[in-house]
Amino acid sequence: EALTVSADEILEDLELSRAEPGPGYLERLFLRFSERVPFETASKIRRDARVVPGESKPRTPDVFWEERLAEGAGGTCFARVAAFDALLSDLGFSTRRILGRVGSDFDHASVLVRLGDREWIADVGFPLPALLPAAESRTETGMGVLAVTETPRGWAIAIEDGIPEGTRGIELFRAPVTPEEFQARWEKTFRPGAPFLRGVTLRKDLSARSIAFTTGEIRIDD
C-alpha cells in the first residue's frame, strides 16, 4: 500500500538521500535500515494490548513509520518487511513480499526486489546481515558466510557462522502472495502466546556486531 508518511522524512531518519533505484542504492537502504531500526518486540506487545479484539492488530507501514519517527521504535518480522517494502515501492523499486519458514511454514516474511533481470533478497524480517542474490551463492558478511541454495519451493539460506545457539538457517518461498494471505499470516502472529508477545526483546545489527537485550540480559556478538 502507498505510504502516507513522507518518504523524505524516513530517509532523513535513515540519514540517506533520494537516488535512482539500483543495486548500490538498494544495498545502502537495506544496511541503513538494519543498523538504525531495531528488531524489537515492545511495540508489538503494546499494539496487542491497545487494539480491542476484532480489530486489525498488525502495525501497518504508516503506523510503523509514525512510531519510528516519533519514538525511535522498530518492530518484528512482518511489520519490518511491510514497512521496508512500502518504502522501497515509494522510492521506485519493483518489489514483492514473500513468505518463508524459520520454525514452521509461513511464520516468516521477506522482500524480493527486481532490478533488471535479477532478483535480490532483502530480508529485514529475520533479519539477515546482507542483501543476497535470489540465486545459488555464498556471501561473506561481517557476521559470517551466508549460503543460498535453490529448493523446490524457493531458497534455503544457511548461516554458516555467527551466534552458536542461533538459528542456523531459514527458507523462503518464491510463490506469489496475495495481500489478503499476507495479512492473514500476519494476524496469526498476534495469537495468544505467540513468540514475540512473551517478553521484551531488542536487537540491533551492525556490520560485524549484533547487540541484543533479552530475558533481562544484554548480549554482544562479534
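**Briefing: salt bridges, a buried aspartate, a nonpolar patch and an open sheet**

Lys57 and Asp48 form a salt bridge, with the closest N and O atoms 2.6 Å apart. The model is predicted. The count of salt bridges comes to 20. The points below take up some of these pairs, then Asp85, a nonpolar surface patch and a four-stranded sheet.

**Salt bridges**

- Side chains of opposite charge can pair when their charged atoms come close.
- In the Lys57–Asp48 pair, Lys57 is buried, at 15% relative accessible area. Asp48 is partly exposed, at 24%. The cut-off for buried is under 20%, so Lys57 falls below it and Asp48 does not.
- Asp13 pairs with Arg68, and their closest N and O atoms are 2.8 Å apart. Asp13 sits in helix H1 (residues 7-14) and Arg68 in helix H4 (residues 61-71), so this salt bridge ties together parts that are 55 residues apart in sequence.
- Asp13 is buried, with 18% relative accessibility. Arg68 is buried too, with a relative accessible area of 7%.
- Arg219 forms a salt bridge with Asp221, with 2.7 Å between the closest N and O atoms. Arg219 is partly exposed, at 34% relative accessible area. Asp221 is buried, at 13%.
- A network also occurs: Arg46, Arg59, Glu67 and Glu71 are joined by salt bridges that share partners.

**Asp85 and its surroundings**

- Asp85 belongs to helix H5 (residues 77-90).
- With 8% relative accessibility, Asp85 counts as buried.
- Its side chain makes a polar contact with the side chain of Arg97, at 2.9 Å.
- Leaving aside residues up to four places away in sequence, Asp85 touches Thr95, Arg96, Arg97 and Val111. Arg97 is thus named both as a contact and as the polar partner of Asp85.

**Nonpolar surface patch**

- Val200, Leu202, Leu206, Ile211, Phe213, Ile218 and Ile220 make a nonpolar surface patch of about 590 Å².
- Strands E11 (210-214) and E12 (217-221) each supply at least two of the patch residues.
- Ile211, one of the patch residues, lies in strand E11.
- Ile211 is partly exposed, at 32% relative accessibility. Patch residues need over 30% relative accessible area, so Ile211 clears that cut-off.

**The four-stranded sheet**

- Four strands form an open sheet, in the order E1-E10-E11-E12. The pairing is antiparallel.
- Strand E1 (39-40) and strand E12 stand at the edges. Each has a single partner strand, so one side of each is left without a neighbour in the sheet.
- E1 and strand E10 (residues 202-205) run antiparallel and are joined by two bridges.
- In this pairing, Phe39 stands opposite Arg203 in E10.
- Sheet and patch meet in E11 and E12: both strands belong to the sheet, and each gives at least two residues to the nonpolar patch.

Notes: Residues are numbered from 1 along each chain as its sequence is written. This is a predicted model: local features need pLDDT of at least 70, side-chain atom pairs count only at pLDDT 80 or more; totals for chains, interfaces and linings use all residues. Side-chain values use heavy atoms; hydrogens and water are left out. A salt bridge is a side-chain nitrogen of Lys or Arg within 4 Å of a carboxyl oxygen of Asp or Glu. Buried means under 20% relative accessible area, exposed over 50%, partly exposed in between (1.4 Å probe, protein chains only). A polar contact is a pair of N or O atoms within 3.5 Å; within protein, one must be able to donate a hydrogen and the other to accept it, and residues adjacent in sequence count only if both atoms are side-chain atoms. Contact means heavy atoms within 4.5 Å. Patches are made of residues with over 30% relative accessible area and no salt bridge: like charges are joined within 9 Å, nonpolar side chains (Val, Leu, Ile, Met, Phe, Trp, Tyr) within 5 Å. Accessible areas come from the Shrake-Rupley method with a 1.4 Å probe; for residues, only the protein chains shown count as cover. Two strands pair if DSSP finds at least two bridges between them.
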